[in-house]
Each structure stands twice: as C-alpha cells, then as structure tokens.
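Trainee: I would like to test some structural labels against their definitions. Can we go through them one at a time?

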Amino acid sequence: MMGKRRIRFVLLACIALVGSSWAQEIDAIDEARIDAATRAAFPRASADWLSRFKADQTLEACSRYRDAPPAETTRTIAAQESATIQYPPDGKLIGDWKRGEQIAQSGYGLRFTDYPSTRENGGNCYACHQLTKEEVSYGTIGPSLVDYGKIRRFSEPDTKAAYEKIYNSHATFPCSPMPRFGTNGVLTMEQIKDIVALMMSPESPVNRP
Amino acid sequence: MSAKARIRLPESARIGEVIEIKTLIAHPMETGTRRSNDGSLVPRLLLHTFEAKFAGREVFRATLHAGTAVNPFISFFMKVPGPGEFEFTWIEDGGNTTSERYSLTVV
Amino acid sequence: MKNVRQSLCAAILASAFAGSVYAQQSDGGTIERALETYRSMMKSDPWSNPGMLDVDRGETLWKTAAGPNNVSLEGCDLGLGPGKVDGAFAELPRYFADVDRVMDVEARLLWCMVKLQGFDRLKLLTRPHPSAGMPVRDLGAIATYVAYRSNGRSFAATFSHPKEKEMLALGEALFFRRSGPMDFACSTCHGDSGKRIRLQPLPFFSKPEEARRIVGEWPAYRVSTTHVMTMQHRIYDCFWQMRLPEVELGSEVSVALISYLVKQAEGGEINVPGMKR
C-alpha cells in the first residue's frame with residue numbers, strides 16, 4: 001500500500017513525463033510542408049488567392065515567435081513597417097467622422113463572397129473594439145476607444161499617431177494583432193482619415209458626452 | 001412537406017397525472033418577408049396550426065404565425081384522463097398535413 | 001404560440017444593457033453575464049435542440065442503401081471496425097491504414113460515401129456546407145449522428161501513430177501562423193481568455209480547460225442560421241472571415257487543425273449537437 005507522499009510523487013512524475021512527451025510530440029514543421037499542405041487544401045484557389053498565404057518577413061517573424069519577438073527583431077519590424085506608411089499629400093489627417101463610423105461598422109471586403117466587389121472595404125473596427133458610446137455590439141480583442149480623442153485632448157501629435165496606428169499598427173507595436181489596414185491595402189488613405197476623424201473629432205460620438 | 005417530427009412522452013403515466021408532451025418538427029417557417037439574393041420575395045410557407053388529440057378528443061391546439069422560428073418546438077401539459085393514443089397534426093399553408101400517432105403507456 | 005426563446009433572449013439582453021452601458025475599459029462583465037445567461041437558456045432543454053432532427057436524418061442516411069452502388073454506410077469503418085459507430089467519434093481524428101492518412105469524421109465519411117456507395121467525390125466537395133436557412137447536407141447530417149453516438153464519452157484520440165503526430169504538429173503550426181490581408185492567425189482571435197468579436201465570446205483553444213468545454217459541443221445547431229454546423233464547416237467559415245480561400249472538406253489543413261483542437265480538448269466531454277447563437 002503506497003504512502004500518501006509516494007503516491008503524490010508518482011503522480012507528479014507521471015504528469016511531468018506526459019507533459020514532456022507532449023512537448024516533444026509537437027515537432028517543428030517546416031515551411032515546405034506547410035506550403036504543400038496549403039496548396040492541396042485549396043485546389044480551386046487561383047494563384048492570386050494562394051499568394052495570400054505567403055507571409056512577409058514581419059509576419060513570418062511574428063508567427064515564429066508567437067507574436068512575442070525578441071528586442072532586436074522588434075526594432076527591425078518597427079523600422080520596416082514604419083517605412084511603409086504613406087501620408088496624405090496635403091498633410092490633412094482628419095476626414096469625415098460620419099463616414100468613419102460607417103467604415104468602422106462594416107466588415108465587407110476581401111472575403112471570397114465579396115467578389116465582384118459592390119462597395120468599399122470596411123475596417124470592421126467594432127469586431128475588436130468599443131468605439132462610440134451608443135454601440136453595444138462591440139468586441140474586446142482590442143482596448144476600448146471610448147473618449148479616445150478627449151483623453152488625448154485632441155492633440156496634433158496624437159492625431160498623427162492614430163493615423164499611423166491604423167495605417168500600420170506594427171510601426172509602434174510589432175506583431176500587433178491589428179491588421180495593417182493601410183500597408184495591406186485594406187483601407188484607402190481617405191478611409192483611414194475618416195476613422196481618424198471618428199477617433200479625434202470633439203463632435204464624434206466616440207468623444208461627445 | 002416531408003418533415004419528420006420528434007415527440008417526447010414520458011415512458012409511462014398514471015391516470016390523473018399531469019405530463020409534459022414535447023414536439024419538434026423540421027420546417028423552414030418561411031415568413032414571406034425575406035428576400036432572396038436576387039431581391040425577390042421568398043414566398044410565405046408556414047405551419048399555421050398544430051393540433052393534439054388524445055383518445056380522439058382535442059387536448060391542445062396552437063395557431064402559429066410568422067413570429068414562430070424555423071423548426072418549431074411546441075410543448076404542452078396534459079392531465080392523463082385514461083389510456084389512449086395521441087394524434088399530432090401539423091397543417092401547412094396550402095393544406096399539406098403531417099400526422100403522427102403515439103401511444104401513451106398508462107399504468 | 002410565440003417563440004419563447006427569442007423573446008426571453010431579447011428581454012435578458014435589454015435588461016443587461018439597461019444599466020451603465022459604456023465604461024472606460026470594459027463593462028465589468030455585464031455583457032458577458034447576459035451572454036452566458038442566453039447561452040445556458042438555449043441549452044436548458046437539450047431535447048428541444050432542432051439539431052436532433054439532423055441526428056435522426058443522419059441515422060436514416062447511415063442505414064439506408066444509397067448511391068450508384070446502392071449500399072448503406074453500415075460497412076463503413078470509422079476506426080473501430082466496419083459499422084461500429086458507438087464511441088468512434090471520440091477517437092477521431094485517427095490514422096487509417098487503408099488510405100495511409102489521418103482523417104476526421106467528415107473526411108472519413110466522405111471516403112466511405114465515395115468508396116462504398118459510389119458517390120461522385122467532386123460533387124460531394126462542391127458546396128459541401130449549407131448557406132443560412134438551408135439544412136446541413138447529407139454528409140454533415142451523418143457526421144452529426146456519428147458524433148451523437150459518442151455523447152457522454154471523452155475525447156480520447158491517442159495521436160500515437162507518426163502521421164497522427166505529424167498532423168498535430170502541422171495543426172499547431174497553422175494555428176499560430178499569421179497570413180492574409182488581415183494578418184490573422186487562428187490565435188489572433190482564439191489566443192486569449194475572455195475576449196469576444198462583437199458579442200460573440202471566443203474560446204482560448206490553447207488553454208485545455210477552455211478547449212475541453214467547447215470542442216465537444218460541435219457539431220452544433222446555430223440559431224442564427226437555423227442549421228447544424230459541423231467542425232469542417234466552422235473551420236471553412238473561419239478561413240472566410242480571415243480573408244483566405246475556401247478550404248476543402250477533409251483536406252490535411254482541416255484535419256490538422258481539428259487534430260490540434262481535439263488534442264487540446266483531450267478528456268473533455270462530447271455533448272452534441274450543441275446550441276449556438
């Protein structure tokens with residue numbers, strides 16, 4: 001009859017063994033294997049569609065490090081992504097918040113049922129964020145953006161930061177879960193300005209009392 | 001309407017006992033206000049009536065409208081008067097009916 | 001008779017939002033509690049789940065002779081021997097020697113429907129999943145029936161065969177792999193506890209406690225689309241949301257991801273069909 005201490009030891013040893021064998025079971029899978037599996041899983045996809053699986057350097061690093069890259073890689077990503085940001089030629093970063101709200105509400109675009117396209121792409125911001133005070137159907141993957149502009153006193157530097165954040169979130173937060181709306185061509189510059197307006201206008205329902 | 005129904009009755013019941021009868025049937029319950037992808041209205045097709053008879057007598061009846069969801073689930077209670085058989089009938093717009101008979105074991 | 005479910009749901013949500021709706025950070029869990037109440041109400045009477053109608057349909061399809069070869073699926077080996085259904089789903093995905101690959105329940109049923117019954121494989125792979133308002137297709141109904149016959153059991157796929165181990169590795173790699181125009185990986189949405197998209201709570205699949213609670217509820221009846229959604233369909237839908245192309249039913253990618261989920265859910269109870277919004 002095993003004593004209590006012995007039983008506990010045996011149990012812990014078993015758990016450790018199972019745990020370590022589990023860790024060993026998941027061996028590395030190389031890129032070529034993933035590539036082959038991908039091509040086989042989407043037999044009717046065009047080359048265009050298949051190219052969506054090709055991760056660029058940044059995404060490849062983020063995948064490799066499970067979105068927690070080491071400091072050196074973080075700096076490289078921030079620099080690379082920053083360089084892709086394009087600004088409106090006239091320097092005006094604030095558009096129309098009413099259109100911004102529509103863009104934030106819409107999840108349309110780039111899905112395989114959205115072709116041929118019948119309207120502009122949406123940003124689908126509400127999928128992940130709370131924005132206006134009135135909208136209750138909001139997600140929590142990203143932080144709440146209520147009073148975004150108000151908290152930042154509608155300052156110019158923060159307006160620029162908001163624009164950059166939406167255009168390419170990795171410039172300031174490498175491996176951010178947020179899509180690179182501008183760099184990836186999901187939203188146009190005008191659309192991003194409209195969302196900036198939603199964030200940074202005093203009359204916007206994000207900020208007004 | 002080739003819908004098959006699911007009926008749930010207790011395994012057995014005593015005379016005078018109040019039992020719950022549950023019914024579930026597959027049906028699109030098309031309201032007539034939806035539009036298909038080309039913009040045209042999808043025609044209304046509802047189950048408008050549900051009747052339950054026990055030992056030949058009507059014990060429950062429901063009139064369903066467009067507010068009832070797809071695959072209607074209807075449950076009701078009955079005080080067991082004696083031995084007998086249930087007959088459940090669903091009537092669709094246009095007159096098609098589905099009927100199912102189930103015996104109740106009365107002890 | 002008005003649909004009680006719908007009006008009760010509206011009442012619960014309305015009362016939940018009657019209080020302070022917006023907060024700087026989160027709502028303090030008010031929405032989460034309301035959603036949880038709604039979900040437990042939907043599950044309160046498993047018998048009323050319209051997915052049971054598809055279980056019945058699946059059973060009939062399993063037992064009825066069909067296809068050009070006019071045979072039933074009762075000769076189909078789901079891993080425990082031809083025709084043995086009880087407990088088979090609980091041990092899937094697994095390696096099948098006759099095809100030298102790992103299959104989940106839907107990949108295996110596809111193979112049986114083609115090999116035994118003589119159905120056209122391409123036809124079964126074209127538009128395999130229902131659109132909103134349409135019932136689940138035959139393969140999905142049979143999968144729902146097969147899964148139902150493992151109710152009460154725990155997920156127990158062993159992943160001991162080298163090809164099964166390979167599927168796990170591939171599944172895990174794919175789960176964390178970011179790509180597409182939105183830079184999404186599965187883990188982007190399913191990578192943390194307590195998060196949601198709009199009002200849809202998201203399970204954190206890399207956390208076994210959460211995987212164990214959720215994976216066993218699939219296939220599930222979806223109230224918003226009024227049909228049963230199978231796991232292959234669920235993954236197909238995820239790829240759609242991620243702005244990636246249409247993943248083929250039973251493909252290695254789908255089986256790999258399902259393997260990863262089932263491994264995470266190891267020991268979790270199977271209780272299908274689930275009931276989802």
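Mentor: Yes. This is a predicted model. Start with helix H3 (residues 51-63) and helix H6 (residues 138-148) of chain C, which pack at an angle of about 100°, with their axes 7 Å apart.

Trainee: What makes H3(C) roughly perpendicular to H6(C)?

Mentor: The angle between them is about 100°. The range for roughly perpendicular is 65 to 115 degrees. The value falls inside, so H3(C) is roughly perpendicular to H6(C).

Trainee: Which residues of H3(C) and H6(C) meet?

Mentor: From H3(C), Gly51(C), Asp54(C), Val55(C), Arg57(C), Gly58(C), Glu59(C), Leu61(C) and Trp62(C). From H6(C), Asp138(C), Ala141(C), Ile142(C), Thr144(C), Tyr145(C) and Tyr148(C). By class, this contact has seven nonpolar, three polar and four charged residues.

Trainee: Why is Gly58(C) of that contact put in a class with Thr144(C)?

Mentor: Gly counts as polar, and Thr is not listed as nonpolar or charged, so both residues go to the polar class.

Trainee: What makes H7(C) roughly perpendicular to H11(C)?

Mentor: H7(C) and H11(C) pack at an angle of about 90°, and their axes are 7 Å apart. Set that angle against the range of 65 to 115 degrees. It lies within the range, so H7(C) is called roughly perpendicular to H11(C). H7(C) brings residues including Met167(C), Leu168(C) and Phe175(C), and H11(C) brings residues including Val253(C), Leu257(C) and Tyr260(C). The classes in this contact are 10 nonpolar, two polar and three charged.

Trainee: Now the sheet in chain C. What makes S6(C) and S7(C) edge strands?

Mentor: The order in this open sheet of three strands is S6-S5-S7, with mixed pairing. Strand S6 (227-229) and strand S7 (274-276) each have a single partner strand, so one side of each has no neighbour in the sheet. From one strand to the next, the twist averages 35°.

Trainee: How do you know that S5(C) and S7(C) pair?

Mentor: Count bridges. Three bridges join strand S5 (residues 220-222) of chain C to S7(C). The pairing rule asks for at least two, so these strands count as paired. They run parallel. One bridge partner is known by name: Arg222(C) has Lys276(C) in S7(C).

Trainee: Met275(C) sits in strand S7 of chain C. Why is Met275(C) called buried?

Mentor: Met275(C) has 23 C-beta neighbours inside 10 Å. The cut-off is 20 or more, so Met275(C) counts as buried. Beyond four places in sequence, Met275(C) touches Met42(C), Lys43(C), Asn49(C), Ala220(C) and Tyr221(C). Ser40(C) is 235 residues away from Met275(C) in sequence, yet 9.3 Å away in space, C-alpha to C-alpha.

Trainee: On to chain B. How do you know that S3(B) pairs with S6(B) and with S4(B)?

Mentor: Bridges again. Strand S3 (residues 47-54) and strand S6 (residues 84-92) of chain B share seven. S3(B) and strand S4 (residues 57-63) of chain B share six. At least two are needed, so both count as pairs. Each pair runs antiparallel. Ala52(B) is opposite Phe88(B) in S6(B), and Phe54(B) is opposite Arg57(B) in S4(B).

Trainee: What joins S3(B) and S4(B) in their hairpin?

Mentor: Two residues lie between the strands. Ala55(B), in the turn, has a positive phi of about 50°.

Trainee: How do you know that chain A and chain B are not in contact?

Mentor: No contact joins the two chains, and their closest C-alpha atoms lie 12 Å apart. A contact would need C-beta atoms within 7 Å. No pair of residues passes that test, so the two chains are not in contact.

Trainee: Which pair of chains has the most contacts?

Mentor: Chains A and C, among the two pairs that touch. This contact takes 42 residues from chain C and 43 residues from chain A. On the side of chain C, H7(C) gives the most, with seven residues. That side has 22 nonpolar, eight polar and 12 charged residues.

Trainee: How many residues are in contact between chains B and C?

Mentor: 16 residues of chain B and 12 residues of chain C. Strands S1 (5-8), S2 (18-25) and S5 (73-79) of chain B each supply at least two residues of the chain B side. That side divides into nine nonpolar, three polar and four charged residues.

Definitions and conventions
Residues numbered from 1 in each chain as written. Chains lettered and ligands numbered in written order. Predicted model: local features only at pLDDT ≥ 70, side-chain atom pairs only at ≥ 80, totals over all residues. Helix = DSSP H or I, 4+ residues; strand = E, 2+ residues; numbered from the N terminus. Axes fitted to C-alpha atoms, helices over the stretch in contact; angles between N-to-C directions. Buried ≥ 20, exposed ≤ 12 C-beta atoms within 10 Å, placed from the backbone. Parallel < 35°, antiparallel > 145°, perpendicular 65-115°, else oblique.
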